[in-house]
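Thank you all for coming; I would like to walk you through one structure, taking a few places in turn. Please have a look at the sequence and the model before I go on.

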Amino acid sequence: MEKARISLYQLFVLILLFELGSAILVPLAIEAKQDSWLAILFGMAGGLFLFWIHYRLFLYYPELTPPEYMQKLLGKIAGTLLASSYIILFMYIAARVLRDFGEMLLTFAYLETPLFMVNALLMLVIIYAVSKGIEVVARTGELFFVSIYLLAITGFILIVFSGLIDLNNLKPILEEGIFPVVKVFYTQTLFFPFGEAIVFSMIFPYVTKRKSVIKVGLFAIGLSGINLAITMAINIGVLGVDLAARSQFPLLSTIQSIQVAEFLERLDVFFMIATVISIYFKVSIYFYAAVASTAVIFRIKEPSKLSYPMGMIVLFMSVTIASSYAEHLKEGLEFVTRYLHPFFLIIFPLLLLGIAFLKNRKKSNPPTN
């Protein structure tokens, strides 16, 4: 485990930027139609519970990283196999998010540029940052956090003053009852993006005030959920359900609709800056978790040496996991959320927590200061 310390504020920033990540790109929970914002809030509530599970595991083993306490709970062989599976998952999801980034830029501005080149530019920056440690990533987050919110507030004000929002597009609420919202919740928003906060269990041991991790984490996930719900409500209010569902990047379409005083328009750069920043942090944190976990399992004293070879693997995965963006999205909905996420984000953490409870039921929680 590297010698690093990050503050509660840095943890808050990283969680918030991570949760926004690629979620602001796609038509999140659009299967719930005009109630997508409600499905996102349901997912946020479930994400808070999943975050609590990871925090409880951290309380049992505050000085250990997840690969270490997996080995302690399941035994050397089973624990190593499970930790290795999480490494593969983290690298795979990092590659998927990187693919989202590349497809967005190709659609937005670089129509003739090869996907590999676009992804490589961001991945090289991520490799360099991760090789320097989690403190560098956290400090970078502090620098960009204010910029993200200034862009978001400015964009929201411009959309309101443009008179683009039609509240009738959000009506009627629960037209088909609560079941479609619940279905989207347990098949999508519970896992993406809120359940993905499992990756921060690799960062908990580096936080300075460990007792406050749960408060900061829950607040960050809650705020990100509200932000995403508002974003999707605005997208549907501006575009309508049908157009938002057909759009690859509904937020981009919404921002392209802005026109104030017949001269302030085509503010696509707002969207591009926000998504590049948020996706950079999502890929960085996933990639850091994969690198740090690998270093723990194989007892490598200098994790930075793993950054470059593992980074190249993520880069090549990002361009080979699907032949088209449509196939990439279909794979995410039909394979990742259906088969991978339920096991790795819910079942395995609950299993580990149950074993930890049984093994420590006669002990008090260790101090976390």
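How many salt bridges does a search of the whole structure find? The search gives 7 salt bridges, and I should say at once that we are looking at a predicted model, so please take each value as computed from that model. As general background, side chains of opposite charge can pair when their charged atoms come close.

Let me begin with the salt bridge between Glu63 and Arg210, where the closest N and O atoms are 2.7 Å apart. Glu63 sits in the loop between helix 2 and helix 3 (66–74), while Arg210 sits in the loop between helix 7 (179–189) and helix 8 (213–239), so this pair ties together parts that are 147 residues apart in sequence. With a relative accessibility of 48%, Glu63 counts as partly exposed, whereas Arg210, at 5%, counts as buried.

A second salt bridge joins the side chains of Glu135 and Arg139, at 2.9 Å from N to O. Both of these residues belong to helix 6 (residues 134–161), and they are 4 residues apart, about one turn of the helix. Glu135 is partly exposed, its relative accessible area being 21%, and Arg139 is partly exposed as well, at 49%.

The next pair on my list is Lys305 and Glu302, whose side chains meet in a salt bridge of 4.0 Å, N to O. Here Lys305 is exposed, with a relative accessible area of 57%, and Glu302 is partly exposed, at 44%.

Now to a charged residue without such a partner: what is the nearest side chain of opposite charge to Asp35? That side chain is Lys33, 9.1 Å away, and Asp35, although buried, has no salt bridge. Asp35 lies in the loop between helix 1 (8–20) and helix 2 (36–60), and, if we set aside its neighbours within four places in sequence, Asp35 is in contact with Pro172, Ile173, Leu174, Glu175 and Val181.

Finally, I would like to turn to a pair of helices. The axes of helix 5 (residues 115–131) and helix 12 (residues 304–320) come within 9 Å and cross at roughly 155°, so the two helices are roughly antiparallel to each other; their crossing is right-handed. Among the residues that meet there are Leu115, Phe116 and Tyr128 in helix 5, and Tyr308, Gly311 and Phe316 in helix 12.

Note on methods. Residues are numbered from 1 along each chain as its sequence is written. This is a predicted model: local features need pLDDT of at least 70, side-chain atom pairs count only at pLDDT 80 or more; totals for chains, interfaces and linings use all residues. Side-chain values use heavy atoms; hydrogens and water are left out. Buried means under 20% relative accessible area, exposed over 50%, partly exposed in between (1.4 Å probe, protein chains only). Lys and Arg count as positive and Asp and Glu as negative; His and the chain ends are not counted. Contact means heavy atoms within 4.5 Å. Axes are lines fitted to C-alpha atoms, for helices over the stretch in contact, and angles run from 0 to 180 degrees between N-to-C directions. Angles under 35 degrees count as roughly parallel, over 145 as roughly antiparallel, 65 to 115 as roughly perpendicular and the rest as oblique. A crossing is left-handed if the near helix is turned anticlockwise from the far one by less than a right angle, and right-handed if clockwise.
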